[in-house]
Amino acid sequence: QAQLVESGGGLVQAGGSLKLSCAASSRIFVSYIMGWFRQAPGKDRDFVAAISTNGETTYYEDSVKGRFTISRDASKNTVLLQMNGLKSEDTAVYYCAAIRSLATREYDHWGQGTQVTVSS
């Protein structure tokens, strides 16, 4: 049984918005830093954003600061990524992750990924 399930990807024009969701098991949701990563064709999987277990601290990769917002919905054990002002360079497969440690890059669980395509 998958423990992280992403949804919400799709095709959007440049400047548009999308909201990604990651449904987690309750055990994972309360125990882990939760984050989003993305992987474009031919490139490495890169960090996008993360949120602490209590939701009070967020982290963002520089290129998405001010455009993307990560949040937690504890009532649904869901992590959200609101993406505004999308650019063609945001095109990638987006993965949800349960993070044991950001500093040491320890990731315990991954979702299957959801495709985001931004047309220019």
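# A guided tour of the protein chain

Buried residues make up 43% of the 120 residues in the protein chain. Keep in mind as you click around that this is a predicted model.

**Stop 1: the whole chain**

Start with everything selected and a cartoon view. You should find 1 helix and 11 strands. Following the chain from its N terminus, the elements come in the order β-β-β-α-β-β-β-β-β-β-β-β. The radius of gyration is 13 Å, close to the 14 Å that the globule rule gives for 120 residues, so the chain is as compact as a globular protein of that length. Along the principal axes, the C-alpha atoms fill a box of roughly 40 × 30 × 30 Å.

Now switch on a surface. About 6200 Å² of the protein chain is exposed, and carbon and sulfur atoms supply 46% of that area. To see how the chain folds back on itself, think about contacts with a separation of 6 or more: residues 24 or more positions apart account for 56% of them.

**Stop 2: the four-stranded sheet**

Return to the cartoon and select residues 4-7, which are strand E1, and 68-73, which are strand E7. Add residues 18-24 for strand E3 and 78-83 for strand E8. Together they form an open sheet of 4 strands in the order E1-E3-E8-E7, with antiparallel pairing. Why is one side of E1 and of E7 left without a neighbour in the sheet? Both strands stand at the edges and each has a single partner strand, so one side of each stays free of a neighbour there. Look along the sheet as well: neighbouring strands are turned by 15 degrees against each other on average, direction ignored.

Next, zoom in on the pairings. E3 and E8 run antiparallel over 6 bridges, and here Ser21 stands opposite Leu80 in E8. Moving to the E1 side, E1 and E3 also pair in the antiparallel sense, over 4 bridges. Select Val5 and you will find Ala23 of E3 opposite.

While E1 is on screen, show its side chains. Which of them are buried? Leu4 and Glu6 point to one face and are buried, while Val5 and Ser7 point to the other face and are not.

**Stop 3: a buried salt-bridge network**

Side chains of opposite charge can pair when their charged atoms come close. A search of the whole structure finds 4 salt bridges, and this stop visits some of them.

Select Asp90 and show it as sticks. With a relative accessible area of 1%, Asp90 is buried, as this falls under the 20% cut-off. Then add Arg38, which forms a salt bridge with Asp90, the closest N and O atoms being 2.9 Å apart. Arg38 sits in strand E4 (residues 33-39), whereas Asp90 lies in the loop between E8 and strand E9 (92-101), so the viewer will show you distant parts of the chain linked across 52 residues. Arg38 is buried, like Asp90.

Keep Asp90 on screen and add Arg67. Their side chains meet in a salt bridge at 2.8 Å, N to O. Arg67 belongs to the loop between strand E6 (58-60) and E7, and this pair again links distant parts of the chain, 23 residues apart. Arg67 is buried too, with a relative accessible area of 12%. With the three residues displayed together, you are looking at a network of salt bridges that links Arg38, Arg67 and Asp90.

**Stop 4: a salt bridge with an exposed partner**

For a contrast, select Asp108 and Arg100. The side chains of these two meet in a salt bridge of 2.5 Å, N to O. Are they buried or exposed? Asp108 counts as partly exposed at 28% relative accessibility, and Arg100 counts as exposed at 51%.

**Stop 5: two unusual backbone angles**

Finish with the backbone. Most residues other than glycine have a negative phi, and most peptide bonds are trans. Select Asn77, in the loop between E7 and E8. Its phi is near 50 degrees, a positive value in a residue other than glycine.

Then go to Arg105, found in the loop between E9 and strand E10 (106-110). Arg105 has a positive phi of about 55 degrees, although it is not a glycine. Turn the surface back on around this residue: Arg105 is exposed, with a relative accessible area of 66%.

Definitions and conventions:
Residues are numbered from 1 along each chain as its sequence is written. This is a predicted model: local features need pLDDT of at least 70, side-chain atom pairs count only at pLDDT 80 or more; totals for chains, interfaces and linings use all residues. Side-chain values use heavy atoms; hydrogens and water are left out. Two strands pair if DSSP finds at least two bridges between them. Helices (H or I, at least four residues) and strands (E, at least two) are DSSP runs, numbered from the N terminus. Axes are lines fitted to C-alpha atoms, for helices over the stretch in contact, and angles run from 0 to 180 degrees between N-to-C directions. Buried means under 20% relative accessible area, exposed over 50%, partly exposed in between (1.4 Å probe, protein chains only). The radius of gyration is taken over C-alpha atoms; the globule rule is 2.2 Å times the number of residues to the power 0.38. Contact means heavy atoms within 4.5 Å. Accessible areas come from the Shrake-Rupley method with a 1.4 Å probe; for residues, only the protein chains shown count as cover.
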